[in-house]
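Biologist: I am new to this one and would like to know the reasons behind the labels. Could you show me the structure and take my questions one by one?

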Amino acid sequence: MLKDHLKTKHLSLNTGKTTLSLEKYYWAILDYLADEDGQRDWRDWFYLNVLPDYKGDVPLAAHTRLTITTALLQDLEAMKDRYDPIRREWQKISAVT
């Protein structure tokens, strides 16, 4: 069942208390991102990175997943820029032209 794959946690928003249901993998990634960014816990990362851009036009869970995915892709791109010699050369060439 779907509920076997989801984990629910509670949040306090300006509009009141709410619950957020995400797949267990996303909760683990939230903990990872918080730790990597030097946050105390996932809530701190969530309030700093997810809520400021949330407009209410999509479900909060979908917005949270998108924000997490975007953060991971940004980290991936930063790592590629740092460790991929071909990418570094391409950036040098692009900067000249």
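Modeller: Let's start with the surface: the chain exposes about 7200 Å², and carbon and sulfur atoms supply 56% of that area. Please keep in mind that this is a predicted model.

Biologist: Thanks! How many of the 97 residues count as buried?

Modeller: Of the 97 residues, 20% count as buried. The C-alpha atoms fill a box of roughly 50 × 30 × 25 Å along the principal axes.

Biologist: What radius of gyration does the chain have, set against a compact globule of 97 residues?

Modeller: A compact globule of 97 residues would come out near 13 Å, but the chain has 17 Å.

Biologist: Which pattern does the chain follow along the sequence?

Modeller: The order is β-β-α-α-α-α, which comes to 4 helices and 2 strands.

Biologist: What makes β1 and β2 a pair?

Modeller: A pair needs at least two bridges, and strand β1 (residues 6-13) and strand β2 (residues 16-23) have 8 bridges between them, so they pair, in the antiparallel sense. Within this pairing, Lys7 of β1 stands opposite Leu22 in β2. With 2 residues between them, the two strands form a hairpin.

Biologist: On to helix α1. How do you know that its reach is close to what is expected?

Modeller: Helix α1 (residues 24-36) has 13 residues, and the expected span at 1.5 Å a residue is 18 Å. From first C-alpha to last, α1 reaches 19 Å, close to that value. After α1 comes Gly38, whose phi is positive, near 75°.

Biologist: Which residues of α1 are buried, and why are they said to be on the same side?

Modeller: The buried ones are Trp27, Leu30, Leu33 and Ala34. They cover an arc of only 120° around the axis, which puts them on the same side of α1. As background, an α-helix has 3.6 residues a turn, so residues three or four places apart point the same way. What covers the buried residues of α1 includes β1, β2, α2 (42-49) and α3 (60-83).

Biologist: Which exposed residues does the face turned away from that buried side carry?

Modeller: That face of α1 carries Tyr25 and Asp35. Both are called exposed because their relative accessible area is over 50%.

Biologist: And α2: what puts its buried residues on the same side?

Modeller: In α2, Trp42, Trp45 and Phe46 are buried. They cover an arc of only 100° around the axis, and that places them on the same side of α2. These buried residues pack against β1, β2, α1 and α3.

Biologist: Now α3. Why is Thr67 called buried?

Modeller: Buried means under 20% relative accessible area, and Thr67 has 15%, so Thr67 counts as buried. Thr67 is found in helix α3 and touches Trp45, Asn49 and Val50, leaving aside residues up to four places away in sequence.

Biologist: How do you know that His63 counts as buried?

Modeller: By the same kind of check: His63 has 10% relative accessibility, and the cut-off is under 20%, so His63 counts as buried too. His63 also has its place in helix α3.

Biologist: Which residues does His63 touch?

Modeller: His63 touches Val50, Asp53, Tyr54 and Val58, again not counting residues up to four places away in sequence.

Methods. Residues numbered from 1 in each chain as written. Predicted model: local features only at pLDDT ≥ 70, side-chain atom pairs only at ≥ 80, totals over all residues. Heavy atoms only, no water. Expected span 1.5 Å × (residues − 1). Buried < 20%, exposed > 50% of the residue type's maximum accessible area, 1.4 Å probe, protein only. Arc of directions from axis to C-beta. Contact = heavy atoms within 4.5 Å. Rg over C-alpha atoms; globule rule 2.2 N^0.38 Å. Areas by Shrake-Rupley, 256 points an atom, 1.4 Å probe, with all protein chains shown as cover.
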